[in-house]
Amino acid sequence: MSKSENDIRPFFDQRKQTNSITPLKLKRQRLRQRRREKRAAELINMSEESELEIEARAIKRSKQFNNTTRGRYGIWRIEYQNPISDSLLKLMKDQIVMAKVYASIAHSMKKIDLYDLLLKHIRETQHAIEDASIDADMQQDALECAKAMGHTLSVAKDALYDCEVVDRKLRAMIQSAESSINVVKKQSTFLIQNAAKTVPRPLHCLPLYLATDYYLHRYHTEKLSDNSKFSDPSLYHYAIFSDNVLATSVVVNSTAVHAKEPEKHVFHIVTDRLNFAAMRMWFIKHPPSPATIEVQNIDEFKWLNSSYCAVLRQLESARIKEYYFKANHPSSLSTENENLKYRNPKYLSMLNHLRFYMPEVYPKLNKILFLDDDIVVQKDLTPIWSIDMKGMVNGAVETCKESFHRFDTYLNFSSPIISNHFNPQACGWAFGMNIFDLVEWKRRNITGIYHYWQDLNVDRKLWKLGSLPPGLITFYNLTYPLDRRWHVLGLGYDPAINPSEIENAAVIHYNGNYKPWLDLAIIKYKMYWSKFVNYNDPYVQFCSIAQ
């Protein structure tokens with residue numbers, strides 16, 4: 001560091017070298033001169049046709065040229081000699097780092113005056129920077145502050161510099177910064193997961209008031225739709241398993257609006273005992289006519305018990321209860337477990353696993369389209385029933401891109417049980433919009449396969465909780481890949497999805513923590529969901545559900 005502006009910012013200057021000309025350099029200059037003269041003669045004698053061809057090639061190259069400015073990392077590198085908008089800011093941040101190193105060394109060597117001087121300049125530099133992201137955002141005296149800090153660092157270097165000591169201090173600072181970052185990441189993950197699991201007050205209010213009026217005004221005696229359509233295999237049937245009234249209403253509304261023949265579409269909604277009255281009340285007040293709708297209570301499925309259902313036995317077991325509710329469990333939050341997403345209460349709900357029992361729920365149907373409650377339909381889905389699935393049971397959009405979302409992401413291939421049966425590079429696929437061939441399902445005993453693997457995973461060593469890993473296993477080599485335009489995913493976590501992909505998608509899926517009904521939602525994606533919410537409904541207005 002020096003005492004002048006030119007020394008503080010040497011990388012901005014074009015340095016001139018005045019080395020003496022050697023015989024070798026002189027020879028090279030003469031060769032270059034001969035090449036220039038030869039090239040000039042060629043250009044003078046060039047035909048008009050050749051000239052036009054060269055010009056066309058030049059125009060083509062100019063169109064392919066990428067003049068995007070790349071992000072800078074280190075301002076001291078040669079390629080960044082030209083002034084850039086945050087060069088001084090980066091320099092001052094680097095000065096702060098070195099000042100902290102020298103201050104630590106000065107304190108250990110009892111050089112109190114130098115230690116105090118360094119701390120003074122650190123405070124002044126931090127004040128000059130504040131929250132600036134470019135040079136223009138800093139205080140007016142930032143350059144003078146950088147000069148003063150440079151002079152002080154020069155003094156400190158002369159008095160304190162020892163390569164090994166400085167190296168140790170920098171390494172210690174890096175380790176400390178990494179530790180702090182890890183702590184913040186864990187805190188952020190916990191808070192995001194906690195916010196994603198929490199039901200906002202308006203969404204808690206809505207089913208309460210719907211259920212109150214349902215019983216108060218005796219709506220439980222009313223029928224929703226014509227029962228004769230519920231089992232008609234010639235119609236288009238949808239299965240939605242949810243305890244979220246508002247989200248389910250958006251799925252039904254968006255599907256019915258885009259259906260070309262809505263009278264041929266039948267929605268089968270299954271919810272839990274707590275939300276059954278509210279769900280029925282909503283669709284009594286807002287029937288998707290002329291489409292048909294059925295609302296069922298999962299607790300009334302007498303066949304769905306722990307003696308038949310493997311996952312229900314596991315969910316009722318002491319192990320699972322300890323995993324979720326005991327702080328001293330080896331995998332609990334108190335031990336800084338990183339898999340917080342697997343502790344979401346939805347994994348304790350049988351609604352999340354009911355998708356593996358489609359023939360039991362709908363024994364008279366041949367095909368059914370399964371929809372999650374965090375999707376929005378943007379096109380008529382009727383053509384999906386006519387897709388030839390080549391004897392496969394499950395029609396789904398694959399999610400693997402390069403090395404992401406393959407089987408080794410979800411399953412434990414260190415277990416021989418997994419590695420001997422599955423390919424770790426097999427492509428994953430998504431739940432959310434799946435067309436199921438129930439005839440093939442029964443013929444291949446898909447539910448039996450699901451039970452077999454759930455029994456093997458009683459200790460959660462093959463995969464963590466959730467429905468996708470057992471789904472990948474159950475439908476292994478039985479999944480037909482649908483065109484990606486049927487189902488675009490990521491609106492619940494990825495802010496960089498191509499807008500044209502969203503606009504052209506038949507179904508968009510808010511998979512992830514940033515659900516559209518939460519304050520966490522990605523704002524630019526929320527409008528696709530909000531336009532299918534009935535904000536004129538008196539219950540929605542009473543509960544202050546905002547757009």
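# How the labels are earned

Me: What makes S6 and S7 a pair of strands?
Reply: Two bridges join strand S6 (residues 394-396) to strand S7 (residues 433-437). Pairing needs at least two bridges, so S6 and S7 count as paired. The two strands run antiparallel. One bridge sets Gly395 against its partner Ile435 in S7. Keep in mind that this is a predicted model.

Me: How do you know that S2 and S3 pair, and in which sense?
Reply: Strand S2 (residues 265-271) and S3 share six bridges. The cut-off is at least two, so S2 and S3 pair. Their sense is parallel. Thr271 stands opposite Asn297 in S3. From S2 the chain crosses through helix H10 (residues 276-285) to S3, and this β-α-β crossover is right-handed.

Me: What makes S3 and S8 edge strands?
Reply: Each of them pairs on one side only. They belong to an open sheet of seven strands. Its order is S3-S2-S1-S4-S7-S6-S8, and the pairing is mixed. From one strand to the next, the twist averages 25 degrees.

Me: Why is strand S3 called mostly covered?
Reply: Buried means under 20% relative accessible area. In S3 (residues 292-297), six of its six residues are buried. Thr292, Glu294 and Gln296 point one way, while Ile293, Val295 and Asn297 point the other way. The residues pointing either way are all buried.

Me: Why is H10 called largely enclosed?
Reply: Nine of the 10 residues of H10 are buried, so the rest of the structure largely encloses this helix. Among the buried ones are Phe276, Arg280, Trp282 and Ile284. The buried residues of H10 pack against helix H8 (201-216), H9, S2, S3 and helix H21 (538-542).

Me: Why are H9 and H10 called oblique to each other?
Reply: The axes of helix H9 (residues 245-258) and H10 cross at roughly 40 degrees. Roughly parallel would need an angle under 35 degrees, and roughly perpendicular starts at 65. The angle fits neither label, so H9 and H10 are oblique. The axes come within 10 Å. H9 passes H10 in a right-handed crossing.

Me: How do you know that H9 and H10 meet, and which residues do so?
Reply: Contact means heavy atoms within 4.5 Å. On the H9 side, Val245, Thr248, Ser249 and Val252 take part. They meet Ala278, Met279, Trp282 and Phe283 in H10.

Me: What would you call the direction of H9 against S2, and of H10 against S3?
Reply: H9 runs at about 175 degrees to S2. H10 runs at about 170 degrees to S3. Angles over 145 count as roughly antiparallel, so that label fits H9 against S2 and H10 against S3. H9 lies across strand S1 (236-241), S2, S3 and strand S4 (367-371). H10 lies across S2 and S3.

Me: What makes S5 and S10 a pair?
Reply: Three bridges join S5 to strand S10 (residues 507-509). At least two are needed, so S5 and S10 pair. They run antiparallel, and Val376 stands opposite Ile508 in S10. Both strands sit in an open sheet of three, in the order S5-S10-S9. Strand S5 (375-377) and strand S9 (487-488) are its edge strands.

Methods. Residues numbered from 1 in each chain as written. Predicted model: local features only at pLDDT ≥ 70, side-chain atom pairs only at ≥ 80, totals over all residues. Heavy atoms only, no water. Buried < 20%, exposed > 50% of the residue type's maximum accessible area, 1.4 Å probe, protein only. Helix = DSSP H or I, 4+ residues; strand = E, 2+ residues; numbered from the N terminus. Right-handed = clockwise from strand over helix to strand, strands pointing away. Axes fitted to C-alpha atoms, helices over the stretch in contact; angles between N-to-C directions. Parallel < 35°, antiparallel > 145°, perpendicular 65-115°, else oblique. Left-handed = near helix turned anticlockwise from the far one by under 90°.
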